[in-house]
Amino acid sequence: MSTRESGLKDTGIQISEATVSDFFALLKPRVMALAVFTAFVGLMVAPGAMNPVIAVIAIGAIAVGAGAAGALNMWYDADIDALMSRTSKRPVPSGRVMPGEALGFGLVLSVLSVMTLGVLVGWLAASLLAFTIFFYVVIYTMWLKRSTPQNIVIGGAAGALPPVIGWTAATGAVGAESLILFLIIFLWTPPHFWALALFKIGDYAAAGIPMMPNVAGQASTRKQIFVYSLILAPIGVLPWAFGFASGLYGIVSAALGAGFIWHAWKLLVDNEMKLAKALFAYSILYLFAIFAVLLADTIAMRAVMSAGN
């Protein structure tokens, strides 16, 4: 349990035993790190110069907002998290944090992040952050996740918005370039999570979550993963095609996309679970690498332009 009655047992008052690390775990730090990184790339790729202090505030607010969404997700999903080996040790289902604590923590951080971004950076970016939190918690967690095998397809929009928020924080507007970054993450999400669902199919069945392998079958899921990889690979090259990345980025992103297709093809023709795990691992590498290369490419191009002036 997350509480003890101790000397206050007679009064019925409970004292939380949750630690700082327990509350940090509520933020889903790995998911938060990905959101922060892609938001940072969106901010850096955006045209113009941004005050460094304001930029740090913007990224900090986005990080807190992403963590708030994670905490609210863990609060609502505690019942099904307890049934899955991958999530049963999370703070709420394991009893280290009470549901009310997770709810309050998530709500406070949500308001704090949105208000900070709005007051100190810009209200359009803050509105996008508020929408992202709402979409992830209400549309995805409370509705889509338990009702349709397309949960991760539609719900992926929440995870794809951070670079748009970063871009908007820097420019005050939503640019077409930021929507390309959104599209890359949006199309990456289904094959990434369906690969996970293939080798965690038992977990999702136990929790009653209609993930694609549990509803449509593994063969259909493998085909859909392959189709998404065929679409994702050329979309990953669009920053070069639209002129906000160099030819070097175009070459690297094309190679990364080819690697994604290759892993998806191997999984399509052979249903070994090790291939699903390999694709899942590669998908993480792919997204990190493509945004890292875009960031490095942007910094290099600006350095060259600055040296030429």
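**Thr132.** I started with Thr132 in this predicted model. I found Thr132 in helix α6, which covers residues 123-143. Is Thr132 buried or exposed? Its relative accessible area is 10%, so I logged Thr132 as buried, the cut-off being under 20%. Next I checked its side chain. It reaches the backbone oxygen of Leu128, and the distance is 2.7 Å. Then I listed contacts, skipping neighbours within four places in sequence. Thr132 touches Ala158, Leu161 and Ile165.

**Nonpolar cores.** I turned to the buried nonpolar residues. The largest core holds 86 residues. Which residues have the most contacts inside it? I noted Leu117, Ile184, Trp194, Tyr286, Phe291 and Leu294. A separate core of eight residues lies apart from this one. Its members include Ala18, Leu26, Met74 and Val92. I then went back to Tyr286 and left out residues up to four places away in sequence. Tyr286 is in contact with Trp188, Leu232, Gly236, Leu256, Gly257 and Phe260.

**Aromatic pairs.** I counted ring pairs next. With centres within 6.5 Å as the rule, I got 11 aromatic pairs. I opened the pair Phe23 and Phe105. The ring centres are 5.1 Å apart and the planes stand at 65°, so I entered this pair as edge-to-face. Edge-to-face requires an angle over 60 degrees. Where do the two partners sit? Phe23 is in helix α1 (residues 20-26), and Phe105 is in helix α5 (residues 99-120). The pair joins distant parts of the chain, with the two positions 82 residues apart. I also checked exposure. Phe23 is partly exposed at 22% relative accessibility. Phe105 is partly exposed too, at 23%.

I compared a second pair, Phe182 and Phe186. Here the centres are 5.7 Å apart and the planes meet at 10°, so the pair is stacked. Both residues belong to helix α9 (residues 176-199). They are four residues apart, which puts about one helical turn between them. Phe186 has 23% relative accessibility, so I put it down as partly exposed.

Tyr286 came up again among the rings. Ring pairs join it with Phe260 and Tyr282 in a cluster.

**Helix α3.** I looked at the length of α3, residues 52-76. The helix has 25 residues. Its first and last C-alpha atoms are 36 Å apart, close to the 36 Å expected at 1.5 Å a residue. I then inspected the start of α3. A side-chain oxygen of Asn51 comes to within 2.8 Å of the backbone nitrogen of Val53.

**Transmembrane annotation.** I pulled the UniProt record, an unreviewed entry. For "transmembrane region" it lists residues 31-49, 55-76, 97-117, 123-143, 225-242, 248-268 and 280-305. I checked two of these spans against the model. Residues 225-242 are 83% helix and 0% strand, and the end C-alpha atoms lie 26 Å apart. Residues 280-305 are 100% helix and 0% strand, with 38 Å between the end C-alpha atoms.

**Lys28.** Last, I looked at a backbone angle. Lys28 has a positive phi of about 50°, although this residue is not a glycine. Where is Lys28? I placed Lys28 in the loop between α1 and α2 (29-45). Its relative accessibility is 13%, so Lys28 goes down as buried.

Note on methods
Residues numbered from 1 in each chain as written. Predicted model: local features only at pLDDT ≥ 70, side-chain atom pairs only at ≥ 80, totals over all residues. Heavy atoms only, no water. Buried < 20%, exposed > 50% of the residue type's maximum accessible area, 1.4 Å probe, protein only. Polar contact = N/O pair within 3.5 Å; in protein donor to acceptor, adjacent residues only side chain to side chain. Contact = heavy atoms within 4.5 Å. Core = buried A, V, L, I, M, F, W, Y, C linked by side-chain atoms within 4.5 Å. Phe/Tyr/Trp six-rings, centres within 6.5 Å; stacked < 30°, edge-to-face > 60°. Expected span 1.5 Å × (residues − 1). UniProt positions renumbered as here; feature names shortened; annotations may be inferred.
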